[in-house]
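Open the model in your viewer and keep the sequence panel visible. The stops below say what to select and what is there.

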Amino acid sequence: MHPLLTHLRGLAAYLLGWWLVGMAAAAVLVPAVHSTWGWTLAFCLPVASLTALAALAPYYVCRSRPLKPARWISALLLRAAAAIVLAVLVAGAAALWNATGLAFGRAGLVALPPSAWLGLVAALALVFILSALAHDAALAQQELQEAAELQARARLHAREMELQALRSQVDPHFLFNSLNSISALTHLDPAAARAMTIDLAQFFRQSLATNGLDRIRLDEEVQLVERYVAIEQRRLGDKLSLAVQADAACRAALVPPLVLQPLVENAVKHGVRLLDEGGRIEVEARRAGTRLELRVSNPVESDAPRDSTGLGQGLRLLQERLDVHCSEPAFVEVERAARQFTVRISLPWQT
Amino acid sequence: MADVSLRALIADDEPLARALVREYLASHPDIRVIAEAGTGLEAARCIQDAAPDLVFLDVQMPRLTGLEVLQMTGLRQGVIFTTAYDQHALDAFDLHAVDYLLKPFSQERFDAALERARRLLRSDLPGIERLLGAEPLKRVLVRDGAQMRVLPLEEVHYIQAQADQVAFHHDGRDYLKPERISDLEAQLDPRQFVRVHRSFIVNIAEIQSVERTESEAYALRLRSGKRIPVSRSGYERLRGVL
């Protein structure tokens, strides 16, 4: 169906435009054929309405035979033929309508000379040709827009895949160090070696399970963090502790997967691990109106380098992932106090 | 062999990783572990104070990496590198054919590395000089009273030779390190430090102006106001960089 037919206001404006044309034609005809306004309008307005509807018909021709460089001559001829056929049909219908004047004892609603009927056919053919060309232009424009949208969607999709691939990469350093710890424990403490093997398996199983998911419950993400920290605790001993603060409602909220775990991993690597006395990593989730606010903070060395570009890149990646995942804006903020490093994330609340 | 006791240092930030090396060492009674270090700084301190014959050195340690420990202490002998995974480091090791133990490693692989280290004992590790020379020095280990301290070189204003030591001028103080100024010069980033005089190396970022003295010679004025003499060849080097 023609798009205008589903768009009521557009259709009304279009018809109104054609009625104005009809009235203009009547204004010309009234003195020319010495008729009254009433009879002339009775002829012109219905004909204008019919022309308006007929002028939409080339849309179907344009859509089925678009103007392509290879076959533009035949396409153009087709448009011309369609325009002439339409013009003849509309003029024929107009003549029939005019003949209803016979019922009132007149020669017609308006008495037009034969040359005027020829002129009408020519004018209508011209209108329909122009209509066809306007439709061609509109369709080409629409096609361009669709192609651009498609391309934008494809780009977004590719970026998402890329980010997903990046985050699903297991940190090999973490894996091999853990295996080395297990190797040491097999002799020192076989039970601990077994427990650590299970921790490691569960951690990887869960991160594999979230792979490809769009959203997970915050609860699941917290579990992943706890498993990760359990493994690191076996390696670092009592140096490392974790405190999670999140109520049941927050735990049921939906978040993109791996929104916290990489931050906690950074907190261990660049924070607690470097401190002789160790420290506690705090994870907090709370609801603020329509948003979910997450916080990860950890102690750092007072003279730690402030630039740590690797960390900056990780946060950029996180921001980008949130942008792709969230319909509303999400924010990642870093706060560096003398001995405390804090990352805050604010994202739309979703359940 | 058993009559020659070797003194070993185990440097790794993970207690379990150190325990593993100890366990593997149990079958080598001629090796005695004299210390364990949990950070690069501790390792460097121990190397300088106790001069161990063998060092099991983790490449990724907090504070100072294993390679920085070697750069800073000048140790080139009896080092067995251990590493879990660090593509950058591994590429460099492979490039210079320096042996290393990949975690987790077996007793057999450990024994083979130890055997190789014993053969090379008291001679520099092959490839090590090129490995360490590939990257310019970024930090130095200096004495601060009885303590050791790591100075970031970008914060050092200038370096002055004093008898058989060099003094790093940092934050209004001088920190001494026993080293020859020409050896140090070779390790520095030539885009950041210039040897302007027999006894002086300056940080280019700290230079405020170049002045001419009455005797047709040149001198540098640093941001801190300090004046540093410039020799004729030093002036040429300086012009080449600036």
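Select A:Arg295 first, then add its bridge partner in strand 7 of chain A, which is A:Arg344. This is a predicted model, so treat each stop as a prediction.

Now widen the selection to the two strands around that pair. Strand 5 of chain A and strand 7 of chain A, residues 340–348, run antiparallel and are joined by nine bridges.

Next, show strand 4 of chain A, residues 279–288, beside strand 5 of chain A, residues 291–299. These two also pair in the antiparallel sense, over seven bridges. Where does A:Ala288 find its bridge partner in strand 5 of chain A? Select A:Arg291, which is that partner. The two strands form a hairpin with two residues between them. Click on A:Gly289 in this hairpin: its phi is positive, near 65 degrees.

Zoom out to see the sheet these strands belong to. The sheet in chain A is open, has five strands in the order 2-4-5-7-6, and its pairing is mixed. Which strands sit at the edges? Select 240–245 for strand 2 and 331–336 for strand 6 of chain A; each of these pairs on one side only. On average, neighbouring strands of the sheet are turned by 15 degrees against each other, with direction ignored.

Two helices of chain A come next. Select residues 218–236 for helix 8 of chain A, which lies across strand 2 and strand 4 of chain A. Helix 8 runs at about 165 degrees to strand 2 of chain A. Then select residues 261–271, helix 10 of chain A. Helix 10 lies across strand 2, strand 4, strand 5 and strand 7 of chain A, and runs at about 15 degrees to strand 5 of chain A.

Finally, show both chains and look at where they meet. The contact takes 16 residues from chain A and 15 residues from chain B. On the chain B side, nine of the residues touching chain A are nonpolar and six are charged, with no polar ones.

Colour chain B by confidence to finish: its pLDDT averages 87, and 98% of its residues score at least 70. The scores for the model are ipTM 0.76 and pTM 0.64.

Conventions. Residues are numbered from 1 along each chain as its sequence is written. Chains are lettered from A and ligands numbered from 1 in the order in which they are written. This is a predicted model: local features need pLDDT of at least 70, side-chain atom pairs count only at pLDDT 80 or more; totals for chains, interfaces and linings use all residues. Two residues are in contact if their C-beta atoms, placed from the backbone, lie within 7 Å. Ala, Val, Leu, Ile, Met, Phe, Trp, Tyr, Cys and Pro count as nonpolar, Asp, Glu, Lys and Arg as charged, and the others, Gly among them, as polar. Two strands pair if DSSP finds at least two bridges between them. Helices (H or I, at least four residues) and strands (E, at least two) are DSSP runs, numbered from the N terminus. Axes are lines fitted to C-alpha atoms, for helices over the stretch in contact, and angles run from 0 to 180 degrees between N-to-C directions. pLDDT is the predictor's confidence in each residue, from 0 to 100.
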